[in-house]
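Grab your viewer and work through these exercises one at a time. Try each task yourself before you read its solution.

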Amino acid sequence: MYDGDIASVLITEQQINDKVTELAKQIDDDYRDVHGDLLLVGVLKGAVMFMTDFARALPRPAQLEFMAVSSYGSSTSSSGVVRILKDLDRDIADRHVVIVEDIIDSGLTLSWLLKNLESRNPASLEVCTLLRKPDAVQVDVPVRYVGFDIPNEFVVGYGLDYAERYRDLPYIGTLDPKVYTSGI
Ligand code: XMP
Ligand code: MG
């Protein structure tokens, strides 16, 4: 699949599976005193694979909501100016909300999203991200659950894309530079 496009596998399918199980157990444990269904908010499209695997690994009931946002800026870096493409279908007031993200890079998108959701008065609001890049540390976003800290390289797979491709890979990998230059 995608012959020769992937320069290296950064995180294998097995490592992702193990981490999803670990995060789900941790969240199940941390929310043991919380009654009622958790509300997972997945950020489209990148978080879809993580969201569905995570929801199935979580040993307690959770409801699934999705939001789609677009940040103005180039395709590989964000500006922090965010536009809602698809909003939540439901009110999150008094709900225990966990934002499920694929990756935090600069942290600007998430920082905006946290403020936006916080203003809707959830009972609690936490973030669970599969990946985090080192630059994210520079922006003050409180992220309680992090799967993997990764190097500052552009990654694809398991929901993450380059020009809408590679989302369907079961692992996380880095792209061969030839892909950026060939023009798909
Ligand atoms: P910020 O910088 O606001 O950006 O934290 C987060 C969003 O940018 C996208 N992003 C990536 N997408 N590989 C991708 O496929 C990457 O390495 C990468 N880094 C950032 C992603 O949509 C994320 O939600
Ligand atoms: Mg994203």
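**Exercise 1.** Find which residue stands opposite Ile11, and in which strand.

*Solution.* Start at Ile11: it stands opposite Ile172 in E9. Helices (H or I, at least four residues) and strands (E, at least two) are DSSP runs, numbered from the N terminus. Next, look at the pairing around it: strand E1 (residues 6-11) runs antiparallel to E9, and 4 bridges join them. Two strands pair here if DSSP finds at least two bridges between them. Then move on to E8, which pairs with E9 in the antiparallel sense over 2 bridges. Val156 has Gly173 in E9 as its bridge partner.

A quick word on the source: this is a predicted model, so local features need pLDDT of at least 70 and side-chain atom pairs count only at pLDDT 80 or more, while totals for chains, interfaces and linings use all residues. Residues are numbered from 1 along each chain as its sequence is written, and chains are lettered from A and ligands numbered from 1 in the order in which they are written.

**Exercise 2.** Work out the strand order of the open sheet formed by 6 strands.

*Solution.* Walk across the sheet and you get E4-E3-E2-E5-E6-E7, with mixed pairing. At the edges sit E4 and strand E7 (145-149), each with a single partner strand, so one side of each has no neighbour in the sheet. Now check the twist: on average, neighbouring strands are turned by 25° against each other, direction ignored. For angles, axes are lines fitted to C-alpha atoms, for helices over the stretch in contact, and values run from 0 to 180 degrees between N-to-C directions. Zoom in on E5 and E6: they run parallel, joined by 8 bridges. One pair to pick out is Val97 with its bridge partner Leu125 in E6.

**Exercise 3.** Say which strands H2 lies across.

*Solution.* H2 lies across E2, E3, E5 and E6, and runs at about 160° to E2. Now try H3: its buried residues are Leu108, Thr109, Leu110 and Leu113. Buried means that 20 or more other C-beta atoms lie within 10 Å of a residue's own; with 12 or fewer it is exposed, and in between it is partly exposed, C-beta atoms being placed from the backbone. The cover over the buried residues of H3 includes strand E3 (62-71), E4, E5 and E6.

**Exercise 4.** Pick out which residues touch the most other members of the largest nonpolar core.

*Solution.* A nonpolar core is a set of buried Ala, Val, Leu, Ile, Met, Phe, Trp, Tyr and Cys residues joined through C-beta atoms within 7 Å. Of the 43 residues in this one, Leu40, Phe50, Phe54, Val98, Ile99, Val100 and Cys128 touch the most other members. Next, ask who contributes: helix H1 (13-30), E2, H2, strand E5 (96-104), H3, E6, E8 and E9 give two or more residues each. E5 brings the largest share, 6 residues. Finish with Val100: leaving aside neighbours within four places in sequence, it is in contact (C-beta atoms, placed from the backbone, within 7 Å) with Leu40, Val41, Gly42, Ala47, Phe50, Met51, Phe54 and Cys128.

**Exercise 5.** Two residues other than glycine have a positive phi near 60° or near 50°; decide whether each is buried or exposed.

*Solution.* Take Asn121, whose phi is near 60°. It belongs to the loop between helix H3 (108-118) and strand E6 (124-132). Asn121 counts as exposed because it has 12 C-beta neighbours inside 10 Å. Then turn to Tyr158, with phi near 50°, in the loop between strand E8 (155-156) and strand E9 (172-175). Tyr158 has 25 C-beta neighbours inside 10 Å, so it counts as buried.

**Exercise 6.** Locate the cis peptide bond with omega of about -10°.

*Solution.* The bond joins Leu44 and Lys45. Lys45 sits in the loop between strand E2 (38-44) and helix H2 (48-57).

**Exercise 7.** How far apart are the C-alpha atoms of Asp94 and Pro122?

*Solution.* Along the chain they are 28 residues apart, yet their C-alpha atoms are separated by 4.5 Å. Asp94 lies in the loop between strand E4 (82-86) and E5. With 11 C-beta neighbours inside 10 Å, Asp94 counts as exposed.

Methods:
Contact = placed C-beta atoms within 7 Å.
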